[in-house]
Amino acid sequence: MARGGGAGLDDEDRTALQTRRRFARRQWRRRWLVWKYVVSALALMLLLGGGLYTVYLSDALAVDGVEVTGETTLSDDDVRAAARVPMGEPLARVDLDAIRARLAGLAVVRSVEVSRQWPHEVLIAIEERTAVAVVEIAGSLRGLDRDGVVFGTLAKAPAGLPRVQTSAETSGEALREAALVVAALPEDLAGQVDHVEVRTVDSITLQLRGGREVRWGSSAQSEDKARVLEQLLGQKAEEYYDVSVPGTPTLK
């Protein structure tokens, strides 16, 4: 005899039906969770694939310009010609290290940074070498920077820059020492220097305007040597000054 009325089912049958329905709903929810993860993963893969294609393969983010900063003696055209940035190539695929290496090969370039400037440009930041002296090599006047690097060709020596005289035996290390000496000279003292004679790394001599000579030695303690020399020059005029040991200078 049916109990519960209306459904034609007894309590046991009704309970079993409810149990089957709850089980079916749980199964459906589990299946939906699985498919939801699958659909989400597929959507993410499509999104990533589309993004990678846009960035690395399409021309949507291609190079269409080069910005150059920091150049003084070089022109924008000089920098662009040396950099050889591949115009029209996707910006993400541009070999920045190769561009940097090409620009670093220019003698006048002391340092260079190359970066991507999204969405369409390559940014080149140049630091050029600054001459602290001039040196004559093979009959040509060249600039000498504070690192001892020889660069460029000059028609004549710029006013205020001392000349560095070398010989065939002057080593690159000795030339770097001379550059450090000149770079350490205060502006007023540097203006009194006619030329710098370099023999070895610890045999550097300043020839001052008017014929006075200063034995400097190496570049060690150059700031102390410059301070002592300025004091001596202000006290009395001598033909020869030795500040190679700044604590015990000698005069002649």
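**Exercise 1.** Classify Arg110 by its relative accessible area, and then establish which residue its side chain meets in a salt bridge.

*Solution.* Arg110 has a relative accessible area of 37% and is therefore partly exposed, a class that lies between buried (under 20%) and exposed (over 50%), as found with a 1.4 Å probe and protein chains only. The structure is a predicted model, in which local features need pLDDT of at least 70 and side-chain atom pairs count only at pLDDT 80 or more, while totals for chains, interfaces and linings use all residues. Residues are numbered from 1 along each chain as its sequence is written, and side-chain values use heavy atoms, with hydrogens and water left out. In the next step, the side chain of Arg110 is found to meet that of Glu127 in a salt bridge of 3.4 Å, N to O, the term requiring a side-chain nitrogen of Lys or Arg within 4 Å of a carboxyl oxygen of Asp or Glu. Because Arg110 lies in strand 2 (residues 109-117) and Glu127 in strand 3 (residues 121-128), the pair ties together parts that are 17 residues apart in sequence. Glu127, at 36% relative accessibility, is likewise partly exposed.

**Exercise 2.** Identify which parts of the chain the salt bridge between Asp194 and Arg163 ties together.

*Solution.* The two side chains meet at 3.3 Å, N to O. Asp194 belongs to strand 8 (residues 193-200) and Arg163 to strand 7 (residues 163-165), so the contact links parts that are 31 residues apart in sequence; strands here are DSSP runs (E, at least two residues), helices are runs of H or I with at least four, and both are numbered from the N terminus. Asp194 is partly exposed at 28%, and Arg163 is partly exposed at 31%.

**Exercise 3.** Find the partner of Arg199 in a salt bridge, and name the residues that shared partners join into one network.

*Solution.* Arg199 pairs with Glu197 at 3.2 Å, N to O, and Arg199 is partly exposed, with a relative accessible area of 48%. Salt bridges with shared partners join Arg110, Glu127 and Asp147 into one network. Over the whole structure, the search finds ten salt bridges.

**Exercise 4.** Work out the strand order of the open sheet, and describe how strand 7 is joined to strand 8.

*Solution.* The open sheet consists of nine strands in the order 6-5-4-7-8-9-10-11-12, with mixed pairing, where two strands pair if DSSP finds at least two bridges between them. Its edge strands, each of which pairs on one side only, are strand 6 (150-154) and strand 12 (250-251). Strands 7 and 8 run parallel and are joined by three bridges, and Val164 stands opposite Val196 in strand 8. Arg163 and Val193, although 30 residues apart in sequence, lie 8.4 Å apart in space, C-alpha to C-alpha.

**Exercise 5.** State which residues make the nonpolar surface patch, and place Leu42 in the chain.

*Solution.* Val38, Leu42 and Met45 make a nonpolar patch of about 290 Å² on the surface. A patch takes residues with over 30% relative accessible area and no salt bridge, joining like charges within 9 Å and nonpolar side chains (Val, Leu, Ile, Met, Phe, Trp, Tyr) within 5 Å; the areas themselves come from the Shrake-Rupley method with a 1.4 Å probe, and for residues only the protein chains shown count as cover. Leu42 is in helix 1 and is partly exposed at 49% relative accessibility.
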